[in-house]
Amino acid sequence: NADDFPEETSWQVFDELKNEPIASGSLNSGTRVFREEICVDYNSCLSLNVFDSQGDGLCCDWGIGNFLLLNSAGDTLLTNDGIFGSQADELFCPDGKGCSFTPTFTTTNASNESATDGSIRINISGGLAPFQYSIDGGQTFVEVNTFSNLSSGDYEIIVMDASETCFYEETVTVEFDAVNSVNDFVGQGIKVYPNPTKDDLTIELAHHSKISGNLKIEIYDALGRLIQTDVISKNGEKSTAVISLSGYPSGSYYAKCYNDTFEKYFKVVKM
C-alpha cells in the first residue's frame, strides 16, 4: 500500500543464505496498491528490503502506506506499518526451517562449589547471523557468545537467529573441579576407596594426617543436591566414614571434605 509519493519507493528480495538477490523493482507514480508474486526457495532464509528515496518511509505525513508478505498458502509471514526512514529490512524463512543452525558448547568448570569463575562459550554453525544468546531461559538476551563469572549449576541456554523465528534450546551444566584420584589425598592423610564403587564408599582419615579437629563430609549428586553427611576425626573414636550409595542410581557423585582450615572436593563414580 503506497503513500502519496509511490515513485520514491523501491524494493528487493534477497537470499541471505546464498548471499544473492532474487528479485527487485520500484513503484510508479500514481500507484496505490502494488502486488508482486515471487518464486523463492522455501528452504532458505530471505530478507525483504523496502527503500524510500526521500527517507520518510511510507507513513504517515505523506499518506498512510504499509506492506506485508504472504506465503503461497495465504499465511501472513510479516507486516510493516510503513514507519521507517530510508530503508526497512524484514527477515523471513518461508518454511520456518531454512534458518536452522547448530550450536556447540564449551564450558570451563568453576574452581570449587562456591566459586564464580566458570564459563560457557557458544559457537554457531549455519543459520542466519547475527545471533542473540540467553543463559537464563530467555529472560535476557545479549549479542556476545561467551558468559564468564559463572558458578556451578545448570543454565537454560536459548539461541535466537537474526530473523527471530528460529530458536535453539538446551540445558548446559557448569561443574566444579573435583579431585579424581585417591593419590591427591595421600598428602593430607585421607584415603577414599574403592573408587569407582558398586555400593559403599569409605573415607578414612589417617592418624598421621595434618588435618586437625573434625572433618565434615558432604555427598552431592551430579545435580549438586546434598544427599548425605557425616563427620570423622583422627583424634576421635570415628576416623572412618562408610557412605552407602546403594539407593542411588549409577553415575557421578561428589564428596566435600572440609573443616575451618581445610576444604577439598573429589569425584566418585558409582558403577
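**Exercise 1. Find the volume of the largest pocket in this predicted model and describe its lining**.

Step 1. The largest pocket has a volume of about 890 Å³, where a pocket is an open set of points, on a 1 Å grid over the protein atoms alone, with protein on both sides within 12 Å along at least five of seven lines. The volume is the space filled by probe spheres set on the points, which are joined across faces, edges and corners.

Step 2. The lining, made of residues with an atom within 4 Å of a point, counts 30 residues, and Arg35, Glu36, Leu68, Leu69 and Leu70 lie nearest the centre of this pocket.

Step 3. Strands (E, at least two residues) are DSSP runs numbered from the N terminus, and β1 (9-15), β3 and β4 (67-70) each supply at least two residues of this lining; β4 gives the most, with four residues.

Step 4. Sorted by class, the lining of the largest pocket holds 20 nonpolar, six polar and four charged residues, if Ala, Val, Leu, Ile, Met, Phe, Trp, Tyr, Cys and Pro count as nonpolar, Asp, Glu, Lys and Arg as charged, and the others, Gly among them, as polar.

A note on the model: it is predicted, so local features need pLDDT of at least 70 and side-chain atom pairs count only at pLDDT 80 or more, while totals for chains, interfaces and linings use all residues. Residues are numbered from 1 along each chain as its sequence is written, and side-chain values use heavy atoms, with hydrogens and water left out.

**Exercise 2. Describe the second largest pocket in the same steps**.

Step 1. About 170 Å³ of space lies in the second largest pocket, and among its 13 lining residues Ser152, Gly153, Phe176, Leu223 and Gly224 lie nearest the centre.

Step 2. The strands β11 (153-160) and β12 (167-174) each supply at least two residues of this lining, which by class has five nonpolar, four polar and four charged residues.

**Exercise 3. Locate the disulfides, and explain why cysteine 39 lies too far from the closest cysteine sulfur for a bond**.

Step 1. There are two disulfides in the structure, a disulfide being a pair of cysteine sulfur atoms within 2.5 Å.

Step 2. One of them joins cysteine 45 to cysteine 93, with S to S 2.1 Å. This pair links distant parts of the chain, 48 residues apart, with cysteine 45 in the loop between β2 (20-26) and β3 (46-52) and cysteine 93 in the loop between β6 (87-92) and β7 (101-108). Both cysteines, 45 and 93, are buried (buried means under 20% relative accessible area, exposed over 50%, partly exposed in between, with a 1.4 Å probe and protein chains only).

Step 3. Cysteine 59 is joined to cysteine 60, with S to S 1.8 Å, and the torsion about this S-S bond is about 85°, so the disulfide is right-handed. Cysteine 59 is buried at 11% relative accessible area, whereas cysteine 60, at 40%, counts as partly exposed.

Step 4. The closest cysteine sulfur to that of cysteine 39 is in cysteine 93, and because it is 16 Å away, it is too far for a bond. Cysteine 39 is exposed, with a relative accessible area of 74%.

**Exercise 4. State how many residues the largest nonpolar core has, and list the contacts of isoleucine 217**.

Step 1. The largest nonpolar core has 19 residues, and Ile217 and Cys257 are among those with the most contacts inside it; such a core is a set of buried Ala, Val, Leu, Ile, Met, Phe, Trp, Tyr and Cys residues joined through side-chain atoms within 4.5 Å.

Step 2. Isoleucine 217 touches Ile203, Gln228, Thr229, Asp230, Ile232, Ala241, Lys256 and Cys257, not counting residues up to four places away in sequence, where contact means heavy atoms within 4.5 Å.

Notes:
On a 1 Å grid over the protein atoms alone, a cavity is a set of points where a 1.4 Å probe fits but cannot get out, and a pocket is an open set with protein on both sides within 12 Å along at least five of seven lines; lining residues have an atom within 4 Å of a point.
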